[in-house]
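Me: Got a minute to go through this one with me? I'd like to start with a helix and what packs around it.
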Amino acid sequence: MVQQTSIQPSAPWLRLDVDDSDWTDAEVSSLVRWYHQMLLIRRFEEKVLDLANAGLVHGPAHASIGQEATAVGAMSVLGTGDRINGTHRAHHQVLAKLVNAQTPGGFDPLHDAFNPGMQGSVRGLMAEIMGLKSGYCGGRGGSMHMRDDASGIPGTSAIIGGNLPHAAGYALADKLLGTGNISVAFFGDGTMMAGPAYEAMNIAALYRLPVIFFAENNLYAVSTHINEQTRETRLASRGPMLGFRGIECDGMDVVAVHHAMREARRTIEEDGGPVLVEALCYRFLHQSGARPGSEFGYRTRAEEDVWKARDPLATMAARLKTMGILNASDLGTLDQRVMEVVNTAADSLTEMSGNALRIPDHLWPDPSDVDNQIRGDLSELKGERFLEIEDAPADTRPVKFMVAASEVIARAMEQDPRIIIMGEDVHRLRGGVSGATKGALERWPERVLAMPIAENGFVGVALGAALCGLRPIVEIMFGDFCLVAADQLFNAVSKVRHMFGGGFPVPIVVRVRVSPHTGYGSQHSGDPSGLFALFPGWRIVAPTTPFDYIGLMNSALKCDDPVVVIEHVELFPSEGPVPADDRDYCVRLGKAKIVRPGSACTLLTSASMVAVASQVVEETGVDAEIIDLRSLDPTGLDWPLVEASIRKTNRVAVIEQVQRGLSLGGRLTQEIQDRVFDYLDHEILHVTGSLSAPVVSAPLNRAALGGAEKLKAALQSLTAVGG
């Protein structure tokens, strides 16, 4: 007979409620301070909305009015060393964290004046929201992208779901570095439906990371009610579903949030993380701006009135009066002091022009700085030992391409304990699917972290870890999978330094296997070099020889910019000489190499196509100069060498294997045209694949790629008499 047995989740799922006794038991000084912080947030955001209505905020202003208790209650259990991030609606969390960082010894709002650091925090955040140079990110981040690492805010993210993997990465760094800190990712109910949220929570659960995922369930993702987003509207259930504790609490009650967070922190300290906290709350206004949601028709005034009756600020003021902690005069004094602080900040950032407010010209960032801090200047590599094979000692030995990869990665991990490896199957198969982790597995298995099939999630975790002291190596199994991780690779990693004003490292190395010739078909055969080139925060290297792999990988691992290493599978079995006992040398990023000197034309290529070009030139007898670019990013390419060659030969072709749509050649062609047009005696030729992605059928696979026959045709055109 069929039997049905109820199955319960392995982790607790609970609702945490408080009553009057919990308020009575709370420290009076804490209650006053929490009320003061909520009041500061409310008045700050009201001022921001006034500035926005006056046209002084360029871009959106996502106010959190109504949700102050979630931020203050959460921050009440965090120290300055604990880290937070948020999404597009994060003024309340960021302001509370900034101010707390300026008062580590406590603050009595009735008797203590705002110190310069506290006042500076209010002004700096307001300036950032207004896009001014004195903002925390120099005005580049605005309302949605805020960072102050010294206060424990590595950076908020405007992309829904994007910040959860980062917080898991902060926690990974804290766990491996033994700091004892925790991290908190704040997000809304709409974010809970996004794939990266589950990827991050699953990875955090897998490695028991000290992170709290804090869901502010305000019922609406813009105008879409939670009932229209998911069948299971109890969001705290997602924690137990993935094997960790879920706690639901009243987000309109600061004491309830405090206890929920205190329980979450206790759980992490005693049992390991993560923990999911769901705070039930309500934003009083629309998604952005000062108008209520009812004016847009997606909710009623009656619904808004019910929630406004539970305004955390008003209800807490009434409680404190009833408890005899504050009287009407005290409440008025606190409000007056907060308004003075907020108005002082606003007055310092504005001036009157006739009857209207304006921003003084001297407060704006210099437009000429718009491209500064996209990436660093490589000064961190100035003291390194650079070597080329021609200058290597005579004592060399032949080493296979992927053996060189395994040896140099293991050697780097020996020297730098901050280096970790992350990726799918990197912990098995005797060194992962390519063998690159073999040496690391033999010596530091605890630093080789197996990831689930969740590229977007674990790339985001790597970014968070890199921002907090680690130097991750991330393996992407196939080039096309970079598209799965595109949000983190290009919206986050590439932009993070520039978006937050620069001045900090983003040391990530992403290894990407490229195998267009193997018959794996259209979704496993792409070379994403051209895709990475669209985002100038990335450096791109494509080693051709074992020697170059060692040198370029060492440079990448010491570089403070994100670097993608393109590993062409055709090169894996190849052998080449490397110094017998040296795995510590570097090859300069941005330095190309003349593989074959010549005078008839210049061929620009890299990776597996270097050998193809050499073979075709030998067969045809054309005196071509072949340049192995090695560094492919257009803003870091060895243009002096390339330009000198073209000025000599007056003819150039860019040689690639990849399908035309993903190719880098179009970008390089435009650059060449801009730089050396007057020296060209022939149109720039671009040898690349077809419009289609490679497919499984062998003849169609070959037809889809750039290769020897297409290069021969290009050479014939370039060197034709009268051409």
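Reply: Sure. This is a predicted model. The cover over the buried residues of α17 includes α6 (163–177), α15 (455–467), α16 (481–484), α18 (496–499), β15 and α19 (529–533).

Me: Which residues of α17 are buried?
Reply: Asp-487, Gln-488, Leu-489, Phe-490, Ala-492 and Val-493.

Me: And why is α17 called largely enclosed?
Reply: Because six of its eight residues are buried; the helix spans residues 486–493.

Me: You listed β15 in that cover. How many of the residues of β15 are buried?
Reply: Six of its six, so the strand is mostly covered, taking buried as under 20% relative accessible area.

Me: What sits on each face of β15?
Reply: Val-509, Arg-511 and Arg-513 are on one side. Val-510, Val-512 and Val-514 are on the other. Every one of these is buried, and both faces are covered.

Me: Which strands pair with β15, and in what sense?
Reply: β14, residues 471–476, pairs with β15 in the parallel sense over four bridges. β17, residues 563–568, is also parallel to β15, over six bridges.

Me: Give me some register. What stands opposite Val-512?
Reply: Ile-476. For β17, Val-563 is the bridge partner of Val-509.

Me: Back to Arg-513. Where is it, and is it buried or exposed?
Reply: Arg-513 is in β15, which runs from 509 to 514. It counts as buried because its relative accessibility is 10%, and the cut-off for buried is under 20%.

Me: What does Arg-513 touch, leaving out residues up to four places away in sequence?
Reply: Val-433 and Ser-434, for a start. Then Glu-475, Ile-476, Met-477, Phe-478 and Gly-479. Glu-567, Val-569 and Phe-572 complete the list.

Me: How far is Arg-513 from His-568?
Reply: Their C-alpha atoms are separated by 6.0 Å. Along the chain, Arg-513 and His-568 are 55 residues apart.

Me: Change of topic. Where does Gly-117 lie?
Reply: In helix α5, residues 116–129.

Me: Why is Gly-117 classed as partly exposed?
Reply: Because its relative accessible area is 22%. Partly exposed falls between the buried cut-off, under 20%, and the exposed one, over 50%.

Me: And how far apart are Gly-117 and Pro-699?
Reply: 68 Å in space, C-alpha to C-alpha. In sequence, Gly-117 and Pro-699 are 582 residues apart.

Conventions. Residues are numbered from 1 along each chain as its sequence is written. This is a predicted model: local features need pLDDT of at least 70, side-chain atom pairs count only at pLDDT 80 or more; totals for chains, interfaces and linings use all residues. Side-chain values use heavy atoms; hydrogens and water are left out. Helices (H or I, at least four residues) and strands (E, at least two) are DSSP runs, numbered from the N terminus. Buried means under 20% relative accessible area, exposed over 50%, partly exposed in between (1.4 Å probe, protein chains only). Contact means heavy atoms within 4.5 Å. Two strands pair if DSSP finds at least two bridges between them.
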